[in-house]
Amino acid sequence: STGGGGGAGGLKLLSCQTIPTSPITVTVGGGGTPGNGGRGGNGISSVFASSSPITSTGGGGGGYANGAASPGNPGGSGGGGSGGPCAPHLGGTGIPGQGNAGGIGIFPCQRVSGGGGGSSSVGTNATAPINAGPGGNGSSVAPIFGLAPQPFYLSNVPNSGATACGVFAGGGGGGISTCDSTFGLGGLGGGGNSSVTGASIAGVINSGGGGGGAKGAGGCRIGGTGGSGIVVVKQESAGAYQASGMWN
């Protein structure tokens, strides 16, 4: 049994928004939980709760295969489909304007799963005979928030899709069944790799990246936790739209 890669959290990149003058609630969503014996859990949505709340939907959990395999969950980006018997198993759907669908899992010589969707591209389908699908890539926020260095841009993390300074919401890599399969790489933007030895890799904290899919036979069969979300606000430093003292 192998698990599909976790879908990335939805990413919204908005300009020319009204910043409220009174305190509001901002929610940074947690990452999805690993599917330890079942389908992965979805991530929690991140919300900027102004008069018209802005919501980025949590990523979809990866599918799970154990006898009757399952598709990935829908979400901001969809989770990858599991690698298991019977028909190919589809990835979950993403939400237009936030993310993309997960890849398809298959059951050829080995069970290999699809990658989770990313905010800029779909999760890759698994391919016969032994190749799990990489996660879809995330999106750059540099057009609005500027190039590196920025205090909220993330450093590259081992075993995860490179963050590439300012790229967020990459999908998790699809899981494999045995060590002679090709594991799924996490998508650019903090998606976690699947593992060749045991528990898979989590999405990068505050990247919105999906967790890597669970390894099957001979492994711990635990997928990676999804990466938590992030909410960033940028205001003018001077001029008519400055709100001095309210927002950093």
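**Figure 1. A predicted model with zero disulfides.** This close-up takes in two cysteines of a structure that holds zero disulfides, and the model shown here and in the other views is predicted. Cysteine 16 is exposed, with a relative accessible area of 83%. It belongs to the segment before β1 (26–27). Take a look at its backbone as well: phi of cysteine 16 is near 55°, a positive value in a residue other than glycine. Cysteine 165, in turn, is partly exposed, at a relative accessible area of 40%.

**Figure 2. The largest nonpolar core, with 11 residues in all.** Its members are Ala8, Leu11, Val141, Ala142, Phe145, Phe152, Tyr153, Leu154, Phe168, Ala169 and Val204. Ile106, Val112, Ala126 and Ile176 are among the five residues of a second, separate core. As a reminder, nonpolar side chains tend to be buried together in soluble globular proteins.

**Figure 3. The surroundings of alanine 8, a member of the largest nonpolar core.** Leaving aside residues up to four places away in sequence, alanine 8 touches Gly59, Gly76, Ser77, Gly117, Gly118, Ala169, Gly170, Gly171, Gly208 and Gly210. Ala169, one of these contacts, is also listed in the largest nonpolar core.

**Figure 4. Serine 82, a buried residue in a loop.** The loop in question runs between β3 (54–56) and β4 (139–140). Serine 82 has a relative accessible area of 0%, so it counts as buried. Please follow its side chain to two backbone oxygens: that of serine 70 is reached at 2.7 Å, and that of tyrosine 64 at 3.3 Å.

**Figure 5. Two cis peptide bonds, each joining an alanine and a proline.** One cis bond joins alanine 128 and proline 129, with omega about 0°. Proline 129 sits in the loop between β3 and β4, and serine 82 of Figure 4 lies in the loop between these strands too. The other cis bond joins alanine 148 and proline 149, again with omega about 0°. Here the proline, residue 149, is in the loop between α1 (142–145) and β5 (167–168).

**Figure 6. Asparagine 206, a residue with positive phi.** Although it is not a glycine, asparagine 206 has a phi of about 60°. You will find asparagine 206 in the segment after β5. Its relative accessibility is 29%, which means that asparagine 206 counts as partly exposed.

Conventions: Residues numbered from 1 in each chain as written. Predicted model: local features only at pLDDT ≥ 70, side-chain atom pairs only at ≥ 80, totals over all residues. Heavy atoms only, no water. Disulfide = S-S within 2.5 Å. Buried < 20%, exposed > 50% of the residue type's maximum accessible area, 1.4 Å probe, protein only. Core = buried A, V, L, I, M, F, W, Y, C linked by side-chain atoms within 4.5 Å. Contact = heavy atoms within 4.5 Å. Helix = DSSP H or I, 4+ residues; strand = E, 2+ residues; numbered from the N terminus. Polar contact = N/O pair within 3.5 Å; in protein donor to acceptor, adjacent residues only side chain to side chain.
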